Amino acid sequence: MEDFGTLNIYHLSDEDMEKAIALMEKVFTIEQGIPRDYLPVKNDIQKSWGIRKNNRLLALAIAWWDGEIWHWGRYAVDPDYRGKGIGRQLAGHSIKALFEEDAEEIHIEARDITVNLLSKMGARIVGESFDFYGRVTPMRLSAKDFKS
């Protein structure tokens, strides 16, 4: 059995973008039916994190600034590596990094499984769920409420 206790979480570089798009296509386009055009974050100010093993990108999370608030999303874990805790570690690390870099609050539009994870980290639901190629729930997480 593989050990996923301690993972190397790193900032994605421009060189990682091809692998990031491939992982997003696998998770968002193939599994969830989200068109490929929605995948790359089009905001200029963004940060991204990944977990890699043997040069394979296993998970990623992207945050972007829309001019008013940070958004956290494009959160994906390769289906072959789910259930091993790597997604939880990546979510905690990336959100903590945003707060350490002076974000006061982040906005998230989360799928049901991510709602549960983020609720345990202190996020709150701020609106009705809506359909975006499946159910999505708007959430907010403030630095003061964050539990890593």
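**Exercise 1.** Which residue with a positive phi follows H1?

Solution. The model is predicted; local features need pLDDT of at least 70, side-chain atom pairs count only at pLDDT 80 or more, and totals for chains, interfaces and linings use all residues. Residues are numbered from 1 along each chain as its sequence is written, and side-chain values use heavy atoms, without hydrogens and water. Helices (H or I, at least four residues) and strands (E, at least two) are DSSP runs, numbered from the N terminus. Helix H1 covers residues 17-31. Gly33 follows H1, with a phi near 75°.

**Exercise 2.** Find the buried residues of H1 and the strands they pack against.

Solution. Buried means under 20% relative accessible area, exposed over 50%, partly exposed in between (1.4 Å probe, protein chains only). In H1, Ala20, Ile21, Leu23, Met24, Val27 and Phe28 are buried. These buried residues pack against strand S3 (56-65) and strand S4 (70-77), where contact means heavy atoms within 4.5 Å.

**Exercise 3.** Explain what the salt bridge between Lys47 and Glu101 ties together.

Solution. A salt bridge needs a side-chain nitrogen of Lys or Arg within 4 Å of a carboxyl oxygen of Asp or Glu. In this pair, the closest N and O atoms are 2.8 Å apart. Lys47 sits in strand S2 and Glu101 in the loop between H2 and S5, so the bridge ties together parts 54 residues apart in sequence. Now check exposure. Lys47 is partly exposed, at 24% relative accessible area. Glu101 is partly exposed too, at 38%.

Conventions. Expected span 1.5 Å × (residues − 1).
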